[in-house]
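This report looks at one pocket and one sheet. The sequence and structure are shown first.

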Amino acid sequence: MFLRTFSRDLAIDLGTANTLVFVRGEGIVLNEPSTVAIHESDHSVIAVGSEAKAMLGRTPGNIRVIQPLRDGVIADLEITERMLGYFISKTQRRLRTILKPRVVIGVPSGITQVERRAVRDSARHAGAREVYLVEGPVAAAIGAGLPVQEPGGNLIVDVGGGTTEVAVISMAGVIFCTSARVAGDAMDEAILQYIRKHYNLLIGERQAEEIKITLGSACPGGDRRTVEVKGRDLADGIPKTIVLDEEEIREALREPVMTIVETVRTCLERTPPELAGDIVDRGIVITGGGSLLRGLDRLLGQETHLPVTVAQDPMSCVVLGAGRILDELDLLKRVAAPA
Ligand SMILES: Nc1ncnc2c1ncn2[C@@H]1O[C@H](COP(=O)(O)OP(=O)(O)OP(=O)(O)O)[C@@H](O)[C@H]1O
Ligand SMILES: [Mg+2]
């Protein structure tokens with residue numbers, strides 16, 4: 001194989017739950033959990049991505065599995081840098097390129113200057129030539145195919161792992177944005193707590209996520225399915241199996257789901273009237289992995305009286321939007337800030 005002599009520019013969605021990398025001219029080349037396993041003693045990295053996530057809840061005391069971005073903010077700067085560096089070099093190795101890439105990174109809209117610098121520096125350390133940061137909701141809206149450059153309000157709701165970001169976007173800028181640190185992770189935690197409280201049974205985070213994905217819902221509908229759940233009985237410490245039905249899971253999810261609905265309502269209440277009028281016509285578009293929770297679109301529709309659509313391929317919207325920004329210099333100038 002010969003080395004490419006031109007650079008392959010990258011778009012990255014640095015998410016709390018998942019990191020995706022898009023290569024210009026190729027598409028999405030990497031999609032892995034934002035997870036790192038390290039040795040407690042010397043902080044050396046043992047595994048990154050899927051391999052590290054598989055270790056969650058199964059490690060001996062000297063190994064720690066970390067999600068360096070928690071609740072939509074960078075909780076561990078150093079590990080985030082290392083993880084991002086690992087993902088970038090992994091894609092660069094694969095592409096066998098020698099010229100340093102330009103990189104557009106989608107970041108949560110509320111990140112601080114210190115966090116912005118950390119993201120930029122880790123991308124530079126990993127070999128980026130130029131780094132641009134774009135606010136997550138703007139990238140999500142572009143990726144979802146909304147006409148964000150035109151004057152006219154678009155309401156985008158991104159329900160990720162750590163945060164729900166709700167933004168009104170017009171003319172390529174965020175007019176108003178609200179966010180809550182309640183999204184997919186909080187749903188998992190709610191399921192875990194429900195089972196603990198009602199069945200005195202302790203389950204793991206990964207298991208809670210699996211239950212949410214297979215059986216979770218925000219609205220009643222369909223048949224009443226059940227799932228077997230294995231965990232550790234808190235009274236006698238012995239492994240035990242229980243059976244849960246859909247309605248119980250919905251009950252467990254009620255609080256985080258209603259927080260998401262309230263966050264959307266708050267944003268709508270504060271939207272200037274002209275733009276609110278546009279939103280009545282265009283409706284709401286939801287993106288992010290959390291938008292796949294069954295019936296969330298229906299519930300949001302009932303609660304806001306607006307049409308709600310789940311974007312196509314909702315978990316890829318941010319990275320695809322960032323990818324389009326790479327392609328269109330004009331868009332890059334308007335929505336992304338050089339870091
Ligand atoms: N079918 C599904 N039903 C419900 N939730 C799902 C489904 N598929 C994935 N999820 C959840 O989506 C979340 C991850 O979504 P996503 O990859 O958009 O988050 P992220 O971008 O990494 O996080 P953030 O945007 O908060 O930084 C996880 O909590 C995951 O459990
Ligand atoms: Mg996200």
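The sections below describe the pocket and its lining, then the sheet and a helix that lies across some of its strands.

## Model

The structure is a predicted model.

## Second largest pocket

The second largest pocket has a volume of about 280 Å³. Two elements each give two or more residues to its lining: helix H5, spanning 184–199, and helix H7, spanning 246–269. Of the elements, H7 gives the most, with 6 residues.

The lining consists of Val182, Ala190, Gln193, Tyr194, Lys197, His198, Glu251, Ala252, Arg254, Glu255, Pro256 and Thr259. Sorted by class, 5 of the lining residues are nonpolar, 3 are polar and 4 are charged. Among the charged residues are Lys197, Glu251, Arg254 and Glu255.

## Five-stranded sheet

The sheet is open and has 5 strands with mixed pairing, in the order S13-S12-S11-S17-S18. At its edges are strand S13 (173–180) and strand S18 (308–310), each of which pairs on one side only. From one strand to the next, the twist averages 20°.

Strand S12, residues 164–170, runs antiparallel to S13 and is joined to S13 by 7 bridges. One residue pair links Ile169 to Val174 in S13, its bridge partner.

## Helix across the sheet

Helix H4 covers residues 136–143 and lies across four strands: S11 (154–159), S12, S13 and S17 (284–287). Relative to S12, H4 runs at about 70°. The edge strand S13 is thus both a pairing partner of S12 and one of the strands that H4 lies across.

Key
Residues numbered from 1 in each chain as written. Chains lettered and ligands numbered in written order. Predicted model: local features only at pLDDT ≥ 70, side-chain atom pairs only at ≥ 80, totals over all residues. Heavy atoms only, no water. 1 Å grid on protein atoms, 1.4 Å probe; cavity = no way out; pocket = protein on both sides within 12 Å on 5 of 7 lines; lining within 4 Å. Points joined across faces, edges and corners; volume = space filled by probe spheres on them. Pairing = 2+ DSSP bridges. Axes fitted to C-alpha atoms, helices over the stretch in contact; angles between N-to-C directions. Contact = heavy atoms within 4.5 Å.
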